[in-house]
Each structure stands twice: as structure tokens, then as C-alpha cells.
Amino acid sequence: MKNIHSIEFYTGSKEELLPDYEKDFPYIASRAELDKYIGRYVPWHWHRTVELFYMESGSIEYDTPGGKRLFPAGSGGMVNPNVLHMTKAMSQREQNIQLLHIFDVSLLAGEQGSRIEQKYIAPVITAPQIEVIPLFPGNAAEDRILDLIATSFRLPSDGFGYEIKLREALTEIWLMLFELSRPMREKPVNKKGEHNKSNDKIKLMMIYIHEHYGEKISIPELAAASYLSERECYRVFHDCLHMTPVEYIMAYRLQAACQMLAKGQGPVTAISHDCGFGSSSYFGKVFRGYAHCSPTEYRRKWQDSDRYGQK
């Protein structure tokens, strides 16, 4: 299992890029050290794979279009493919460590269109009302799944038959999640087509922002990127990200600035310009309100933590 403390994306989007992910065995295991992520959070993103997780210590908040959920140590859950989400480390008293199984459903279903996929996989991953299946201690069924997830991370990756044993463990977990999710799947869905449309439209607008955040972005331009009216643009941002387009543009520019400050030595003035803020004085004021320190102090904090291996 690989320790990770950053996230990578495909160019121009927020679809997560998964290093070491191979088509002949579409699976990776990670131990996310969330306190070492810049800003102690993972920004809005999505991926085409299933995310099955267990909180080893600390606590984490998941934000999705459907709302927020807090997962303390000993809890876990499953995030459906293509679901927009962001996560934040919440505990200040202990390390926030998350164990992750990331895998394509073909690992369990086999060939596309197989009977297994049709009966047991598709009903879950195509249900728009299921963003996350949360698992918390204290319920017998959920306790059993959590125990299986935690145990599955202890399989030795260099042991005989590891791939088969892992697939067997994930299959058993999936069957239990399938049963647990039945009430969620049977819940009536209102405006299913509209939900799916909004999910596609917000991603198009996010990609536009990620490609043009250093430039002046107008709402009409942003709406046009996903063939929406300005009014619909505001509605989709509100429904999916719980913020306005302008708020997201500002947040993304600040996130990009944090990355540049933490990883490089470029002048603050140049970073201000590259991130679309214009004047460095305005950038400094906005940044201090966001990070509670100056850009220079932020750079020193994160580069010192890298240098000495500390948070």
C-alpha cells in the first residue's frame, strides 16, 4: 500500500489521474495522509472508479452534491464512480489517515455486459440517488462490512494468490453493500434525467475554469461552455457545489496559488498574475482571508514541512 499526500489530475479537468493503475489489474491501494495534503483537503474531483475507504485514524468530511458527511475513525464507505466529491481532514488531535481501495468494476464483474455486472454492479453504480454508501460502527451489518474492509487492507501484496484473494474479498464486500443499499436503490428518484444532466454540465464548466482560471472569466462565457443560460449556470453550481460560479472561480484560483507557493520558488507577484488576481496587493488581501497568513508565510510553512518531514 502506497502512502500518498497529494492528488493528480488529468490536464484541464478534475478527473483524478491514478498513478500505478494498470488495465490488466485495475486496482490500487493507498494510505492517504490527509494532514500532508496542501491545505489539509482534497479539492473537488471525480474518477471513473469505485472508491472504497476506511478511516484508520482522525476524521474526514466528505462533500458531495447531496451534502456533507463526517466519517470518524473506524467508519468508512463507498463512493460511486463519477460522483463529484471533495474531502477535508477534520481532526486536530490526531493524524487523519484514510485507507483506500480504488478499482474499476470490471475487476469484479469481468467482461462488460456480463450477468454479474447486470445483476449486481449496474443497479448500484447507475443509481443517481447513491453518491456515497456510508458505514458507521454500531450496526451489525455495517460493522461486518467495516471489519471486512479493514481486514482486506492487511492482505500481503507480495503473497501467493494476492490478486485472487483481494478480488474475493472485494466481491464479498460488494455483495454486502449491494444488500445494504437496497433501500437506497428502491427510493423514488425525482427528475433523474435532470440530475444526470446537471452532473455533466457542472463538469464541463469546472473544466473550463481549470483551463482559463488565469484569465478573466465572465458568467456568459462559462455558461456557454456547457450550453446553458446564465440562470441555469447559477442553478447548477448551487445544486452541485453549493456555491456560486464566482465563488468557485475564486476558490480554484486560491487553490492553484497554494499549489504554486508550496511547490515552487516563483515570485508572489508572478503567482498573483498567473492565477488571475491582477495586483499582488489584492491577491495578498484575499489570500490572507483564505489561508489566515500571507502568501510568503504559507510558502515557508509548507516548504519547511516538506524539508523536515513534518506537518
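Which residues in H9 meet which residues in H11? I'll start there, and then walk through the rest of the chain. One caution before that: this is a predicted model.

So, the H9 side. Met-250, Leu-254, Gln-255, Ala-257, Cys-258 and Leu-261 are the residues that helix brings to the contact. Facing them from H11 are Tyr-282, Phe-283, Val-286, Phe-287 and Tyr-290. Sort the residues of that contact by character and you get 10 nonpolar, one polar and no charged.

Now the geometry. In general, a pair of packed helices is described by the angle between the axes and the distance between them. Here H9 covers residues 245-263 and H11 covers residues 280-291, and they pack at about 95° with their axes 11 Å apart. That angle makes H9 roughly perpendicular to H11.

While we're on H11, have a look at Lys-285, which has its place in that helix. Lys-285 counts as exposed, at 66% relative accessibility. If you want a long pair to look at, take Lys-285 and His-85: they sit 200 residues apart in sequence, and C-alpha to C-alpha they are 28 Å apart in space.

Okay, let me zoom out for a minute. The secondary structure of the protein chain comes to 12 helices and 12 strands. How does the radius of gyration of the chain sit against the globule rule? It is 21 Å, close to the 19 Å that the rule gives for 311 residues, so the chain is as compact as a globular protein of that length. Along the principal axes, the C-alpha atoms fill a box of roughly 60 × 50 × 40 Å. Of the 311 residues, 49% count as buried. And on contacts: take those between residues at least 6 apart in sequence, and 73% of them join residues at least 24 apart.

Next, the other helix pair, H3 and H4. H3 is residues 140-152, H4 is residues 162-180, and their axes come within 10 Å and cross at roughly 160°. Are they roughly parallel or roughly antiparallel? The cut-off for antiparallel is over 145 degrees, and H3 and H4 are therefore roughly antiparallel to each other. The crossing is left-handed, by the way. On the H3 side, the contact is made by Ala-141, Glu-142, Arg-144, Ile-145, Leu-148, Ile-149 and Ser-152. H4 answers with Ala-169, Glu-172, Ile-173, Met-176, Leu-177 and Leu-180. By character, the residues of this contact divide into nine nonpolar, one polar and three charged.

If you want one residue to click on in that pair, make it Leu-148, in H3. Leu-148 counts as buried, at 14% relative accessibility. Leaving aside neighbours within four places in sequence, Leu-148 is in contact with Glu-172, Ile-173 and Met-176. Its C-alpha atom is 6.8 Å from that of Ile-173, and those two residues are 25 apart along the chain.

Now a couple of backbone oddities. As a general point, most residues other than glycine have a negative phi. Which way does Tyr-227 go, positive or negative? Positive: its phi is about 60°, and it is not a glycine. Tyr-227 lies in the loop between helix H7, residues 219-225, and helix H8, residues 230-241. With a relative accessible area of 72%, Tyr-227 is exposed.

His-292 is another one to look at, with a positive phi near 65° in a residue other than glycine. You'll find His-292 in the loop between H11 and helix H12, residues 295-308. At 68% relative accessibility, His-292 counts as exposed.

Back to H8, because there's a residue there I'd like to show you: Glu-230 lies in that helix. What does Glu-230 touch, leaving aside neighbours within four places in sequence? Ile-219, Pro-220 and Ala-223. The C-alpha atoms of Glu-230 and Ile-219 are separated by 6.5 Å, with their positions 11 residues apart along the chain. Glu-230 counts as partly exposed, at 41% relative accessibility.

Last stop, His-212, in helix H6, residues 192-212. At 22% relative accessibility, His-212 also falls in the partly exposed group. Its C-alpha atom is 8.9 Å from that of Gly-276, although the two are 64 residues apart along the chain.

That's my tour; happy to rotate the view for anyone.

Key: Residues are numbered from 1 along each chain as its sequence is written. This is a predicted model: local features need pLDDT of at least 70, side-chain atom pairs count only at pLDDT 80 or more; totals for chains, interfaces and linings use all residues. Side-chain values use heavy atoms; hydrogens and water are left out. Axes are lines fitted to C-alpha atoms, for helices over the stretch in contact, and angles run from 0 to 180 degrees between N-to-C directions. Helices (H or I, at least four residues) and strands (E, at least two) are DSSP runs, numbered from the N terminus. Angles under 35 degrees count as roughly parallel, over 145 as roughly antiparallel, 65 to 115 as roughly perpendicular and the rest as oblique. A crossing is left-handed if the near helix is turned anticlockwise from the far one by less than a right angle, and right-handed if clockwise. Contact means heavy atoms within 4.5 Å. Ala, Val, Leu, Ile, Met, Phe, Trp, Tyr, Cys and Pro count as nonpolar, Asp, Glu, Lys and Arg as charged, and the others, Gly among them, as polar. The radius of gyration is taken over C-alpha atoms; the globule rule is 2.2 Å times the number of residues to the power 0.38. Buried means under 20% relative accessible area, exposed over 50%, partly exposed in between (1.4 Å probe, protein chains only).
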